[in-house]
Amino acid sequence: MTLLLPRVRAAAFAVLALFVLSSCGYNNIPTLEEQAKAKWADVQNNYQRRADLIPNLVATVQGYAKQEKDVLTAVVEARAKATQIKVDASQLSDPAKLKQFQDAQNQLTGALGRLIAVSEAYPDLKSNQNFLALQSQLEGTENRIAVARRDYIEAVRVYNTELKTFPGLLWAATFFRSYKPMAEFTAGEDAQKPPQVKF
(Lines give C-alpha, C1' and ligand atoms only; values in the text may rest on other atoms or scores of the structure.)
Protein backbone atom coordinates (compact mmCIF):
# COMPACT_ATOMS: atom_id res chain seq x y z
CA MET A 1 0.00 0.00 0.00
CA THR A 2 2.81 2.41 0.82
CA LEU A 3 4.46 1.76 -2.57
CA LEU A 4 1.22 2.42 -4.35
CA LEU A 5 0.70 5.87 -2.82
CA PRO A 6 3.80 7.50 -4.44
CA ARG A 7 2.80 6.05 -7.82
CA VAL A 8 -0.72 7.39 -7.49
CA ARG A 9 0.67 10.79 -6.54
CA ALA A 10 3.08 10.73 -9.48
CA ALA A 11 0.29 9.77 -11.89
CA ALA A 12 -2.00 12.46 -10.45
CA PHE A 13 0.80 15.03 -10.77
CA ALA A 14 1.44 13.98 -14.39
CA VAL A 15 -2.26 14.31 -15.23
CA LEU A 16 -2.43 17.69 -13.50
CA ALA A 17 0.72 18.91 -15.28
CA LEU A 18 -0.67 17.76 -18.63
CA PHE A 19 -3.95 19.55 -17.93
CA VAL A 20 -2.17 22.76 -16.87
CA LEU A 21 0.09 22.74 -19.94
CA SER A 22 -2.77 22.02 -22.33
CA SER A 23 -4.89 24.84 -20.94
CA CYS A 24 -2.18 27.40 -20.36
CA GLY A 25 -1.85 28.65 -23.92
CA TYR A 26 1.35 26.90 -24.95
CA ASN A 27 -0.19 25.87 -28.27
CA ASN A 28 -1.82 29.24 -28.97
CA ILE A 29 1.16 30.88 -30.66
CA PRO A 30 1.90 28.14 -33.21
CA THR A 31 -1.83 27.59 -33.82
CA LEU A 32 -2.50 31.28 -34.41
CA GLU A 33 0.54 31.59 -36.66
CA GLU A 34 -0.66 28.70 -38.81
CA GLN A 35 -4.13 30.23 -39.02
CA ALA A 36 -2.67 33.55 -40.18
CA LYS A 37 -0.52 31.75 -42.77
CA ALA A 38 -3.61 29.93 -44.04
CA LYS A 39 -5.44 33.25 -44.35
CA TRP A 40 -2.47 34.65 -46.28
CA ALA A 41 -2.64 31.68 -48.66
CA ASP A 42 -6.30 32.53 -49.25
CA VAL A 43 -5.34 36.15 -50.07
CA GLN A 44 -2.76 34.93 -52.57
CA ASN A 45 -5.22 32.47 -54.07
CA ASN A 46 -7.72 35.25 -54.76
CA TYR A 47 -5.08 37.54 -56.25
CA GLN A 48 -4.00 34.65 -58.49
CA ARG A 49 -7.61 34.10 -59.56
CA ARG A 50 -7.82 37.75 -60.56
CA ALA A 51 -4.54 37.52 -62.47
CA ASP A 52 -5.83 34.46 -64.32
CA LEU A 53 -9.04 36.24 -65.38
CA ILE A 54 -7.31 39.36 -66.72
CA PRO A 55 -5.96 37.93 -70.01
CA ASN A 56 -9.48 36.83 -70.99
CA LEU A 57 -10.94 40.22 -70.08
CA VAL A 58 -8.22 42.08 -71.98
CA ALA A 59 -8.69 39.88 -75.07
CA THR A 60 -12.44 40.52 -75.02
CA VAL A 61 -12.02 44.28 -74.65
CA GLN A 62 -9.32 44.38 -77.36
CA GLY A 63 -11.81 43.23 -79.93
CA TYR A 64 -13.96 46.29 -79.28
CA ALA A 65 -11.58 48.95 -78.07
CA LYS A 66 -8.55 48.83 -80.32
CA GLN A 67 -7.86 52.54 -79.87
CA GLU A 68 -7.67 52.14 -76.07
CA LYS A 69 -4.29 50.49 -76.38
CA ASP A 70 -2.73 52.52 -73.54
CA VAL A 71 -5.30 51.30 -71.01
CA LEU A 72 -4.94 47.70 -72.15
CA THR A 73 -1.15 47.96 -72.02
CA ALA A 74 -1.32 49.39 -68.48
CA VAL A 75 -3.49 46.45 -67.35
CA VAL A 76 -1.15 43.89 -68.89
CA GLU A 77 1.94 45.56 -67.39
CA ALA A 78 0.32 45.91 -63.96
CA ARG A 79 -0.69 42.25 -64.03
CA ALA A 80 2.86 41.21 -64.96
CA LYS A 81 4.31 43.27 -62.12
CA ALA A 82 1.74 42.02 -59.61
CA THR A 83 2.40 38.37 -60.45
CA GLN A 84 6.18 38.82 -60.18
CA ILE A 85 6.10 39.98 -56.57
CA LYS A 86 5.65 37.00 -54.28
CA VAL A 87 5.35 37.00 -50.50
CA ASP A 88 5.47 33.58 -48.90
CA ALA A 89 4.59 32.72 -45.32
CA SER A 90 8.18 33.16 -44.14
CA GLN A 91 8.14 36.82 -45.22
CA LEU A 92 4.95 37.84 -43.42
CA SER A 93 6.93 39.52 -40.66
CA ASP A 94 8.59 41.87 -43.18
CA PRO A 95 6.37 44.98 -43.55
CA ALA A 96 8.42 46.32 -46.48
CA LYS A 97 7.95 43.15 -48.53
CA LEU A 98 4.22 43.09 -47.76
CA LYS A 99 3.92 46.78 -48.76
CA GLN A 100 5.71 46.08 -52.05
CA PHE A 101 3.24 43.26 -52.74
CA GLN A 102 0.28 45.42 -51.76
CA ASP A 103 1.45 48.35 -53.93
CA ALA A 104 1.70 46.10 -57.00
CA GLN A 105 -1.79 44.72 -56.35
CA ASN A 106 -3.16 48.26 -55.86
CA GLN A 107 -1.64 49.33 -59.17
CA LEU A 108 -3.39 46.41 -60.87
CA THR A 109 -6.67 47.31 -59.17
CA GLY A 110 -6.40 50.85 -60.51
CA ALA A 111 -5.61 49.67 -64.03
CA LEU A 112 -8.61 47.33 -63.95
CA GLY A 113 -10.83 50.19 -62.82
CA ARG A 114 -9.72 52.25 -65.83
CA LEU A 115 -10.35 49.28 -68.12
CA ILE A 116 -13.89 48.82 -66.81
CA ALA A 117 -14.49 52.56 -67.21
CA VAL A 118 -13.32 52.37 -70.84
CA SER A 119 -16.05 49.82 -71.49
CA GLU A 120 -18.66 52.53 -70.87
CA ALA A 121 -17.66 54.12 -74.18
CA TYR A 122 -18.50 50.94 -76.11
CA PRO A 123 -22.19 49.96 -75.96
CA ASP A 124 -21.57 46.79 -77.98
CA LEU A 125 -18.90 45.72 -75.51
CA LYS A 126 -21.16 46.36 -72.54
CA SER A 127 -23.74 44.00 -74.00
CA ASN A 128 -21.24 41.29 -74.99
CA GLN A 129 -21.91 38.17 -72.92
CA ASN A 130 -18.22 37.28 -72.60
CA PHE A 131 -17.39 40.71 -71.30
CA LEU A 132 -20.32 40.73 -68.88
CA ALA A 133 -19.37 37.30 -67.53
CA LEU A 134 -15.73 38.29 -67.11
CA GLN A 135 -16.67 41.60 -65.52
CA SER A 136 -18.95 39.78 -63.09
CA GLN A 137 -16.21 37.30 -62.22
CA LEU A 138 -13.73 40.13 -61.64
CA GLU A 139 -16.20 41.93 -59.39
CA GLY A 140 -16.74 38.71 -57.46
CA THR A 141 -13.00 38.22 -57.21
CA GLU A 142 -12.50 41.75 -55.90
CA ASN A 143 -15.08 40.98 -53.22
CA ARG A 144 -13.29 37.73 -52.38
CA ILE A 145 -10.01 39.61 -52.15
CA ALA A 146 -11.57 42.10 -49.75
CA VAL A 147 -12.94 39.29 -47.56
CA ALA A 148 -9.65 37.36 -47.66
CA ARG A 149 -7.68 40.46 -46.72
CA ARG A 150 -10.11 41.21 -43.88
CA ASP A 151 -9.76 37.63 -42.59
CA TYR A 152 -5.96 37.82 -42.85
CA ILE A 153 -5.90 41.15 -41.00
CA GLU A 154 -8.00 39.64 -38.20
CA ALA A 155 -5.85 36.49 -37.99
CA VAL A 156 -2.68 38.62 -37.80
CA ARG A 157 -4.26 40.85 -35.15
CA VAL A 158 -5.10 37.83 -32.99
CA TYR A 159 -1.62 36.32 -33.50
CA ASN A 160 0.24 39.58 -32.80
CA THR A 161 -1.93 40.20 -29.73
CA GLU A 162 -1.10 36.73 -28.41
CA LEU A 163 2.62 37.54 -28.71
CA LYS A 164 2.17 40.72 -26.67
CA THR A 165 -0.29 39.68 -23.95
CA PHE A 166 -0.19 37.33 -20.98
CA PRO A 167 0.30 34.32 -20.99
CA GLY A 168 1.39 34.31 -24.66
CA LEU A 169 4.03 36.89 -23.81
CA LEU A 170 5.70 34.38 -21.49
CA TRP A 171 5.61 31.62 -24.07
CA ALA A 172 6.95 33.96 -26.75
CA ALA A 173 9.83 35.03 -24.51
CA THR A 174 10.79 31.47 -23.61
CA PHE A 175 9.86 28.74 -26.06
CA PHE A 176 8.84 30.73 -29.15
CA ARG A 177 11.56 33.37 -29.47
CA SER A 178 11.81 32.91 -33.23
CA TYR A 179 8.12 33.81 -33.69
CA LYS A 180 7.88 37.42 -34.82
CA PRO A 181 4.84 39.68 -35.26
CA MET A 182 3.37 39.51 -38.75
CA ALA A 183 2.87 42.54 -40.98
CA GLU A 184 -0.66 43.73 -41.62
CA PHE A 185 -2.22 45.17 -44.72
CA THR A 186 -2.53 48.92 -44.55
CA ALA A 187 -4.53 51.14 -46.82
CA GLY A 188 -2.37 53.12 -49.19
CA GLU A 189 -2.52 56.89 -49.32
CA ASP A 190 -4.37 56.69 -52.64
CA ALA A 191 -7.09 54.48 -51.12
CA GLN A 192 -8.56 57.51 -49.36
CA LYS A 193 -9.15 59.33 -52.65
CA PRO A 194 -11.71 58.29 -55.27
CA PRO A 195 -10.08 57.04 -58.48
CA GLN A 196 -9.93 59.47 -61.37
CA VAL A 197 -10.52 58.13 -64.83
CA LYS A 198 -9.18 60.19 -67.70
CA PHE A 199 -9.61 59.50 -71.38
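Among contacts between residues at least 6 apart in sequence, 80% join residues at least 24 apart, and this tour of the predicted model follows some of the places where such distant parts of the chain come together. With the whole protein on display, colour by secondary structure: seven helices and zero strands appear, so that a walk from the N terminus reads α-α-α-α-α-α-α. Colouring by accessibility instead shows that buried residues make up 32% of the 199 residues, while the accessible surface comes to about 12,500 Å², of which 57% belongs to carbon and sulfur atoms.

**The core**

Select next the largest nonpolar core, a set of 44 residues in which Trp 40, Leu 112, Leu 115 and Tyr 152 have the most contacts. At least two residues of this core are supplied by each of H2, H3 (69-84), H4 (95-119), H6 and H7 (168-174), and the most come from H2, which gives eleven.

**Trp 40 and its surroundings**

Centre the view on Trp 40 and show what touches this residue: apart from neighbours within four places in sequence, Trp 40 is in contact with Val 87, Asp 88, Leu 92, Leu 98, Phe 101, Tyr 152 and Phe 185. Now turn to the rings, of which a search of the whole structure finds five aromatic pairs. Trp 40 and Tyr 152 form one that is tilted, with 5.2 Å from centre to centre and 55° between the planes. This pair links distant parts of the chain, since Trp 40 sits in helix H2 (residues 28-64) and Tyr 152 in helix H6 (residues 129-164), 112 residues apart. Both Trp 40 and Tyr 152 are buried. Add Tyr 47 and Phe 101 to the selection, and the cluster that ring pairs make of Trp 40, Tyr 47, Phe 101 and Tyr 152 is complete on screen.

**Along H4**

Phe 101 leads to H4, a helix of 25 residues that reaches 36 Å from its first C-alpha to its last, close to the 36 Å expected at 1.5 Å a residue. At the N-terminal end, select Asp 94, which caps H4 through a side-chain oxygen lying 3.1 Å from the backbone nitrogen of Ala 96. The buried residues of H4 include Leu 98, Phe 101, Leu 108, Leu 112 and Leu 115, as well as the polar residues Gln 102 and Gln 105.

**From H6 to the next loop**

Move to H6 and pick Leu 132, which is found in this helix and which, at 34% relative accessibility, counts as partly exposed. Measuring C-alpha to C-alpha from Leu 132 to Leu 57 gives 9.5 Å in space, although the two are 75 residues apart in sequence. Beyond H6, in the loop that lies between H6 and H7, is Pro 167, and the peptide bond leading from Phe 166 to Pro 167 is cis, with omega near 0°.

**A last ring pair**

Finally, select Phe 176 and Tyr 179. Why is this pair edge-to-face? The ring centres are 5.1 Å apart and the planes stand at 75°, and because the planes are over 60 degrees apart, the pair falls in the edge-to-face class. The partners can also be compared by burial: Phe 176 has a relative accessible area of 6% and is therefore buried, whereas Tyr 179, with a relative accessible area of 22%, is partly exposed. The cut-off that separates them is 20%, under which a residue counts as buried.

Notes
Residues numbered from 1 in each chain as written. Predicted model: local features only at pLDDT ≥ 70, side-chain atom pairs only at ≥ 80, totals over all residues. Heavy atoms only, no water. Phe/Tyr/Trp six-rings, centres within 6.5 Å; stacked < 30°, edge-to-face > 60°. Helix = DSSP H or I, 4+ residues; strand = E, 2+ residues; numbered from the N terminus. Buried < 20%, exposed > 50% of the residue type's maximum accessible area, 1.4 Å probe, protein only. Core = buried A, V, L, I, M, F, W, Y, C linked by side-chain atoms within 4.5 Å. Contact = heavy atoms within 4.5 Å. Areas by Shrake-Rupley, 256 points an atom, 1.4 Å probe, with all protein chains shown as cover. Expected span 1.5 Å × (residues − 1). Polar contact = N/O pair within 3.5 Å; in protein donor to acceptor, adjacent residues only side chain to side chain.
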